Amino acid sequence: VLSGSILVSIILAEPYPLQKPLEKVGYLFALFPFTYSFQRHPEQREKILNSCLFFSVLLSGLAAGQFLGLFQSWHSYLTHHSKLLSASGRPFFLATGLTFHHTPFAATLTWAFHIILAHSFFSRSSRKQVVFATGAVLCVLGILFSCSRGVWVALFFSTCLSVGLFNWKKLIPLAVLGGLSFLVLFSVVPEFHTRILSIQFSENPERLLLWKTALRMFQDTPFFGQGYHSFGSRLTSFIRPEELYPNFPKEAHNMYLDFLATTGIVGFFSFCFFIAQVLTNLFRAWFHFHLSESERPWILATLGGFVAFLIAGFFDRHFYMSQTLVPNLVALAITSSIVSAYKH
């Protein structure tokens, strides 16, 4: 349904560059062979988990180095997309990992965090619990170094959900630990203090301008939209170039408004239907299926990771980024392979 509504929006729209929009639709269809692969080879889930542990070490170290500017003299891909942390008197940079931007880097690392965290809950080995806990902490550090405020918010609420589903009594010590960590960072690190205080509309006029433009696009073509993934192409038709902020990416920075503007009511509600089906299946599996010890962590991890994706989507176009879309498809394929087995 979602792919169909996207294709309709492309077909009915005024001509615009089609290569990337069609490519993104192709990504969605990868969910089917991914699911089939995990059904045939469930042991592949262990490889995903081990990869998350490996990348928690690699990417947290890389993020720390990027944040501190240790690679600036290298002039390599590690610094190609580096941007100075604004409102900081010190030469700190937004960590981008191996991606082109700090936000998809942090959002992708959030998936690794939730996969590792969920397995730490269900592990019966004290040694593995230490390994998983270390990996989860490293992921959090990498996300902090990214300075992506939207992902910080998504990480907080999705972690509360995961912990609450596993054992709601653990929410209290988590809240205490999280609160103390927040107070320390807020009090001691000026950059963290500034980034937190900037999470308000008055501090983000460039986002508000793009959000309002997305709504104007929707009003212009309310049923099928301007054409999937066309926001950047259509932007100057709805706003004067001199009104735009020159150094700010010319995208909607909100995947829901982006869907509304580019695929209209039909595409937006198809996207909502897709989200509702995913959450319904995940919650039904968690509460009603007699899952094995190896399956429960994946359902919980996907719930946490997908909710983080949905929350972060209010602040950026995560559905349109390959770096953030692919982890969703892999995790959804793993849980689809589990859920479908119980349904049959």
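**Exercise 1. Decide whether Tyr245 counts as buried, partly exposed or exposed, and describe its surroundings.**

Solution. In this predicted model, Tyr245 has a relative accessibility of 37%. Buried means under 20% and exposed means over 50%, with partly exposed in between, so Tyr245 counts as partly exposed. The next step is to place the residue along the chain: Tyr245 lies in the loop between helix 12 (231–238) and helix 13. If its neighbours within four places in sequence are left aside, Tyr245 is in contact with Pro205, Glu206, Leu209 and Lys250. As a last step, take Leu300, which is 55 residues from Tyr245 in sequence; the C-alpha atoms of the two residues are 40 Å apart in space.

**Exercise 2. Work out what the secondary structure of the protein chain consists of, and how its radius of gyration compares with the globule rule.**

Solution. Begin with the elements: the protein chain has 15 helices and zero strands. Its radius of gyration is 21 Å, which is close to the 20 Å that the globule rule gives for 344 residues, so the chain is as compact as a globular protein of that length. The C-alpha trace spans about 60 × 55 × 40 Å along its principal axes. Turning to burial, 51% of the 344 residues are buried. The accessible surface comes to about 16700 Å², and carbon and sulfur atoms account for 68% of that area. Finally, when contacts between residues at least 6 apart in sequence are considered, 73% of them join residues at least 24 apart.

**Exercise 3. Check the length of helix 6 (residues 102–122) against the expected span, and find how many of its residues are buried.**

Solution. Helix 6 has 21 residues, and at 1.5 Å a residue these should span 30 Å. The expected span uses one less than the number of residues. The end C-alpha atoms of helix 6 are 31 Å apart, which agrees with the expectation. For the second part, 20 of the 21 residues of helix 6 are buried, and the helix is therefore mostly covered.

**Exercise 4. Describe the position of Gly142 and name its contacts beyond its neighbours in sequence.**

Solution. Gly142 is found in helix 7 (residues 126–146), and with a relative accessibility of 0% it counts as buried. Leaving aside neighbours within four places in sequence, Gly142 is in contact with Ser60, Ala63, Phe105 and Leu109. Of these partners, take Phe105: it is 37 residues from Gly142 along the chain, and the two C-alpha atoms are separated by 8.9 Å.

**Exercise 5. State what is notable about the phi angles of Cys147 and His229, and place both residues.**

Solution. Cys147 has a positive phi of about 60° although it is not a glycine. Cys147 lies in the loop between helix 7 and helix 8 (149–167), where it counts as buried at 4% relative accessibility. His229, also not a glycine, has a positive phi of about 65°. This residue sits in the loop between helix 11 (205–220) and helix 12, and at 17% relative accessibility His229 counts as buried.

**Exercise 6. Find which residues make up the nonpolar surface patch, and which element gives the most to it.**

Solution. The patch covers about 980 Å² and is made by Leu7, Val8, Ile11, Leu12, Leu18, Leu22, Phe223, Phe224, Ile265, Val266 and Phe269. Two elements, helix 1 (2–12) and helix 13 (255–288), give two or more residues to it. Helix 1 gives the most, with four residues. Leu18 is placed in the loop between helix 1 and helix 2 (19–29), and its relative accessible area of 36% makes it partly exposed.

Methods. Residues numbered from 1 in each chain as written. Predicted model: local features only at pLDDT ≥ 70, side-chain atom pairs only at ≥ 80, totals over all residues. Heavy atoms only, no water. Patch = residues over 30% accessible without salt bridge, like charges linked within 9 Å, V, L, I, M, F, W, Y side chains within 5 Å. Areas by Shrake-Rupley, 256 points an atom, 1.4 Å probe, with all protein chains shown as cover. Salt bridge = Lys/Arg side-chain N within 4 Å of Asp/Glu carboxyl O. Buried < 20%, exposed > 50% of the residue type's maximum accessible area, 1.4 Å probe, protein only. Rg over C-alpha atoms; globule rule 2.2 N^0.38 Å. Contact = heavy atoms within 4.5 Å.
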